[in-house]
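Please open the structure in your viewer and keep the sequence panel beside it. The tour below moves from one selection to the next and says what is found at each stop.

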4 protein chains.
Amino acid sequence: MIIVFKKNATEGQIKTLEGELRAIGLGIHESIGEHSRLIGLIGDVSRVDIDQLQANDFIEEIKRISEPYKKANRKFHPEDTVIEAAGVQIGGGSFTVMAGPCSVESEAQIVQVAKDVKASGAAFLRGGAFKPRTSPYSFQGLRGEGLHLLQTARSATGLPIVTEIMNTEDLPLFEDVDIIQVGARNMQNFELLKALGKLGKPVLLKRGLSATIEEWLMSAEYIMAGGNEKVILCERGIRTFETSMRNTLDISAVPMVKAKSHLPVVVDPSHAAGIAWMVEPLAMAAIAAGADGLMIEVHNDPKHALSDGAQSLTPARFDELMTKIRPTVEFFGKKIG
Amino acid sequence: MIIVFKKNATEGQIKTLEGELRAIGLGIHESIGEHSRLIGLIGDVSRVDIDQLQANDFIEEIKRISEPYKKANRKFHPEDTVIEAAGVQIGGGSFTVMAGPCSVESEAQIVQVAKDVKASGAAFLRGGAFKPRTSPYSFQGLRGEGLHLLQTARSATGLPIVTEIMNTEDLPLFEDVDIIQVGARNMQNFELLKALGKLGKPVLLKRGLSATIEEWLMSAEYIMAGGNEKVILCERGIRTFETSMRNTLDISAVPMVKAKSHLPVVVDPSHAAGIAWMVEPLAMAAIAAGADGLMIEVHNDPKHALSDGAQSLTPARFDELMTKIRPTVEFFGKKIG
Amino acid sequence: MIIVFKKNATEGQIKTLEGELRAIGLGIHESIGEHSRLIGLIGDVSRVDIDQLQANDFIEEIKRISEPYKKANRKFHPEDTVIEAAGVQIGGGSFTVMAGPCSVESEAQIVQVAKDVKASGAAFLRGGAFKPRTSPYSFQGLRGEGLHLLQTARSATGLPIVTEIMNTEDLPLFEDVDIIQVGARNMQNFELLKALGKLGKPVLLKRGLSATIEEWLMSAEYIMAGGNEKVILCERGIRTFETSMRNTLDISAVPMVKAKSHLPVVVDPSHAAGIAWMVEPLAMAAIAAGADGLMIEVHNDPKHALSDGAQSLTPARFDELMTKIRPTVEFFGKKIG
Amino acid sequence: MIIVFKKNATEGQIKTLEGELRAIGLGIHESIGEHSRLIGLIGDVSRVDIDQLQANDFIEEIKRISEPYKKANRKFHPEDTVIEAAGVQIGGGSFTVMAGPCSVESEAQIVQVAKDVKASGAAFLRGGAFKPRTSPYSFQGLRGEGLHLLQTARSATGLPIVTEIMNTEDLPLFEDVDIIQVGARNMQNFELLKALGKLGKPVLLKRGLSATIEEWLMSAEYIMAGGNEKVILCERGIRTFETSMRNTLDISAVPMVKAKSHLPVVVDPSHAAGIAWMVEPLAMAAIAAGADGLMIEVHNDPKHALSDGAQSLTPARFDELMTKIRPTVEFFGKKIG
């Protein structure tokens, strides 16, 4: 960490601050330039609160050198993390496809979609029971009943399930879920992250609409700091000025996160684009950029879907897509898991 | 609502859809142009799920004409809403200043700041007990104990309190809080919004970092749809590409929200800029643009604040600011409440 | 085009406007809803100036149905455009790699890089003679002398050249350039676009940092409206809130532009990321998403490059990349041109 | 400037680099931390090209301490710059209102608007002769003829004129213009900036749609580096995700630019919002935030304006606004100039 002083900082102010920093065990390197004076801090700067420091009005700027996340940081954990969920390996050369409807709507629907996506080669069934909807007047999900139907579909097909949690109070209902998903709007619901940190269950953490990669990794760190290191990251598009798609898929986030962290990264092309026909090219781009998996919306009757119909594929269209995904994954050196 | 068809839409597809729409009570106006064919829907389109419609691949585009929010909409409620909290009126010509530290740290601290900001003219004491922090390693707030200390400060000064909730499970602890704040990161924590909709207590709803004004009003609608119409909106800066400030204060949101909604709007210049010296010019701009109040961070010892020191004013600096706020509010035709 | 009236619009105002619109040859469809009244315009609405209409204060909103670009629009030109430059085909199944240094620095440098990238399989030599630099104190390019050196490199290798123009006054110098590039910062330099519209030479049009896809296609339309239909689009990353990369590659723009327009689209992964190690994964993603080519920065001595060293590949690294690009392009069904 | 090395940087690499930096006259301060090793550079780092440095793959990160602009920097020029144009002072306590139509359309129009805005108290007549329009099919301005009509209006009223240039080739036509405007889309048209740097005439430099404050000041630096220090900055809204306004007025840019630079800053609320009724609250906010002036669109017949009618005020509405601007400017301690 580097602290740059203002021109009018007094010797006394600087010396007092240096004393306080030494008192918490840090080494200090001074550097006096023509136009600026600064110090570099040596040691474990995680104990330094930048907020506090910045309130010293003789400080011009504080620059952090090292990343603020540790458990999620590849520097301290060079090997890829491989997460096992219901016997399926995620990351480390496996490529995992999670597919299913935006919302669970009925037993007939979810069981049928589960059979279809399994037949096409999906490794997980996704489906929303608790639905975060922008409008209070939109369908809010079947909630507990929806979780129950997902389990029915799992029994019928053997496909493990991934579904979204929205509130810590619902945690007991998620005991029999294989991967718990945290949605984009809850990426910084820190109480929820802390609660998930106490579980032994894999968590799929979607990136927030306007979250930087560093903030996203800090949210993973919240879960990991609690003791649960089974975090799968999911890039699903960010909010930009462009309006022709629902969101802008940040494809660069895939290699960047894999460079900065050891956690697996999957891509959700359905939410990224919000348009069914664009799922295929974005899925191909995700594989090519090094993603560890895909999360794709599939609905048996998109026109009558209770949510996100516009971006859902029919089972037939998904099957066709899987015939392209399979060789592409192999071409890029991974194995469909 | 207008539905534009693709060129290759068949007569049969269009007629089937029109039949379905008529069946839910809507009128249909057809319009056949040279390059496009479209229909206008007449009646209560809130029953139409755009997601479902968009899954029809013969539809090119759907354009909404009316806003998706009702209870928050000025069209259906032309008069300004005035909210009373602990005997103080917010909105409708009153100008309300809420001030206090980012975090409650100790009894001595919060009681002292409460006395100071009251003496300077603040109408509410703000202070965080539950703190949403980007890093799990940062101070997380005194939680329940912090709420207790806020009540102590209220007893000592008579100042009503406003403080942030992060989780529905903590709701019982907030029974004796005057205004419950929903932070930017929880603006779309829909379960929390629904729970707050069942209370009779005023809610201060901060705008999310990347929330459009429409999404912000939809979150207000969530609370109001539950029966609680006491919603105060708070603009606190949005995330943009500009990095010289913490956030970009969207000053235009003040007149825009006041045009679209009848709810009062306050501005938080402390979080918007993240820099203490910028609080004054942004506070002045907020008053000039028509805001109904300000939320300002004040700390007795910013250099040793456990959070947000860089943007906090000292009580002396806040007092000086209030001597400018008071005549400015009057100049622009409101009254300090 | 649809015009929605305000609630308080009078019969007289609406009728007068309808008369004016009929007078310019448009048909009118009226639609009167419960909460809104609107008209749809039928015929060639390109004669309608939305700006003018919006000044009528009894109009609530105007919604365009058809795209404002014609010559660039795939609707009116369903076949892919194939552009020939110096005997090389761009688009329509060909995949074109353009490579070379950010700036032309010396004859030795540019001739050597030209030989290297040709040996590795590039079809065009790129290199900047006129350089748009953020700082007036940075190297501004060799200008006319740089163009001359590019021609020398072309003579030495046979590689056609693509280089950036910044000002209409320099046009005479570009007569012997094979493809003229318009940089991101000049995407809406309309005088320059108009001048290029009068040439018969291919133009590579980079997307502006904050240009929507529609604005980008409108800039292509400027060139095409002048008579020059040889426009190659180049996605090079957009500006967002994310700061860990120089720009955010908008990979979705590739399939979206190819759906909306018939023009070829190449991707510049060097500028998109600004980091040499990220060029490979982004290049792979671009091929997978359907791009028609790549523009890649290659420098014989990146550490001593006068600009953009951080994102340049060495010739050896580029050669290695080409051994991956070649089979990938074939895997996705295109041919290296 | 601080250079942080990667963990695997060798002693040899670091020593070689230090030698090269010392050779260009810089001092070096080494700092070796637990997790990082870095050096601070002392002396005139404007000779260091960050691009070049970053190409050294043993460098982790380079952090600049001082701003890259000098002539525009308040640190080296603490006093406010006051610019005189046609005898009117801009900056330094004066408040300047520039008003007029988006486009010059006819002699009758521009002379009438000039008379009207002068009567209401404007100090400059604005009006576009060369118009940057997104569509090639929109009205492109009267060009040379428009400049001539502006001069006619100046003769008729005595009001000095400010108008936009789009291309260096048109410079000779601008000899008799009082302030030359550079539009948002040309903020980084560096050839144009360099040409304007050679004039003795004031330049009004609008901020680009996605330009950071630093980039904006670097564009001012381009003009000033050429010898022309008469630069007036104009904030006119930036591009964000919010779509209910045309742009998002970055009100914080006013105090931030005034802190970082000594140049005067005016605000254009007409372009910022794109909506006539929002001009007033944004104008008030701009005055309150410390702006040195306003640029406002006024048209005698907005409904029939050839561009930007939706955001133009009628002369009557502008006159009413001026009756509010005048006391507000005085309230905030400036004088209408």
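**First stop: chains B and A**

Select chain B together with chain A, which bury about 4,400 Å² between them, with 46% of that area on carbon and sulfur atoms. Within chain B, pick out Tyr137(B), Glu191(B) and Lys303(B), since no other three residues supply more of the area that chain B buries against chain A, their share being 14%. Please keep in mind throughout that this is a predicted model.

If you now display the contacting residues on both sides, you should find 48 residues of chain B in contact with 48 residues of chain A. The rule finds 4 salt bridges across this interface, and the side chains of Glu191(A) and Arg143(B) meet in a salt bridge with an N to O distance of 2.8 Å. Between chain B and chain A there are also 23 residue pairs in polar contact, counting pairs in which both residues have pLDDT 80 or more.

Colour chain B by secondary structure next, and look at helix H2 (50–54), helix H5 (190–197) and helix H6 (213–225), each of which supplies at least two residues of the side of chain B that touches chain A. The largest share of that side comes from H6(B), with 5 residues. Sorted by class, the side of chain B that touches chain A has 16 nonpolar, 16 polar and 16 charged residues.

**Second stop: helix H4 of chain B**

Stay in chain B and select helix H4, residues 144–157. How far apart are the end C-alpha atoms of this helix? They are 20 Å apart, which agrees with the span of 20 Å that its 14 residues should have at 1.5 Å a residue.

Show the side chains of the buried residues of H4(B), which are Gly146(B), Leu147(B), Leu149(B), Leu150(B), Gln151(B), Ala153(B), Arg154(B) and Thr157(B). Adding helix H3 (107–120), strand E8 (124–126) and strand E9 (161–165) of chain B to the display brings in the elements against which the buried residues of H4(B) pack. Follow the backbone just past H4(B) to Gly158(B), where phi is positive, at about 85 degrees.

**Third stop: Leu150 in chain A**

Move to chain A and select Leu150(A), which lies in helix H4 (residues 144–157) of that chain. Is Leu150(A) buried or exposed? Leu150(A) counts as buried because its relative accessibility is 0%. Leaving aside residues up to four places away in sequence, Leu150(A) touches Val104(A), Ile110(A), Leu125(A), Gly127(A), Ile161(A) and Thr163(A). For a distance check, the C-alpha atoms of Leu150(A) and Gly92(A), 58 residues apart along the chain, are separated by 28 Å.

**Fourth stop: chains D and C**

Now select chain D with chain C, where the contact takes 48 residues from chain D and 48 residues from chain C. The area buried between these two chains is about 4,400 Å², of which carbon and sulfur atoms give 45%. In chain D, Tyr137(D), Glu191(D) and Lys303(D) lose the most area to chain C, together 14% of what that side buries.

The count between chain D and chain C is 4 salt bridges; for one to display, select Glu215(C) and Arg239(D), whose closest N and O atoms are 2.7 Å apart in a salt bridge. Helix H2 (50–54), helix H5 (190–196) and helix H6 (213–225) of chain D are the elements that give two or more residues to the side touching chain C. H6(D) contributes the largest share of that side, 5 residues.

**Fifth stop: Asn167 in chain C**

Centre on Asn167(C), which is placed in the loop between strand E9 (161–165) and strand E10 (179–182) of chain C. Asn167(C) counts as buried because its relative accessibility is 5%. The side chains of Asn167(C) and Thr168(D) are joined by a polar contact of 2.8 Å. With residues up to four places away in sequence set aside, Asn167(C) touches Leu192(C), Asn167(D), Thr168(D) and Glu191(D).

**Last stop: Val182 in chain D**

Finish in chain D by selecting Val182(D), found in strand E10 (residues 179–182). At 0% relative accessibility, Val182(D) counts as buried. Its contacts, again without residues up to four places away in sequence, are Met187(D), Leu193(D), Leu196(D), Val203(D), Leu204(D), Leu205(D) and Lys206(D). The C-alpha atoms of Val182(D) and Met166(D), which are 16 residues apart along the chain, are separated by 7.2 Å.

Definitions and conventions
Residues numbered from 1 in each chain as written. Chains lettered and ligands numbered in written order. Predicted model: local features only at pLDDT ≥ 70, side-chain atom pairs only at ≥ 80, totals over all residues. Heavy atoms only, no water. Contact = heavy atoms within 4.5 Å. Buried area = accessible area lost by both parts, 1.4 Å probe. Polar contact = N/O pair within 3.5 Å; in protein donor to acceptor, adjacent residues only side chain to side chain. Helix = DSSP H or I, 4+ residues; strand = E, 2+ residues; numbered from the N terminus. Nonpolar A, V, L, I, M, F, W, Y, C, P; charged D, E, K, R; others polar. Expected span 1.5 Å × (residues − 1). Buried < 20%, exposed > 50% of the residue type's maximum accessible area, 1.4 Å probe, protein only.
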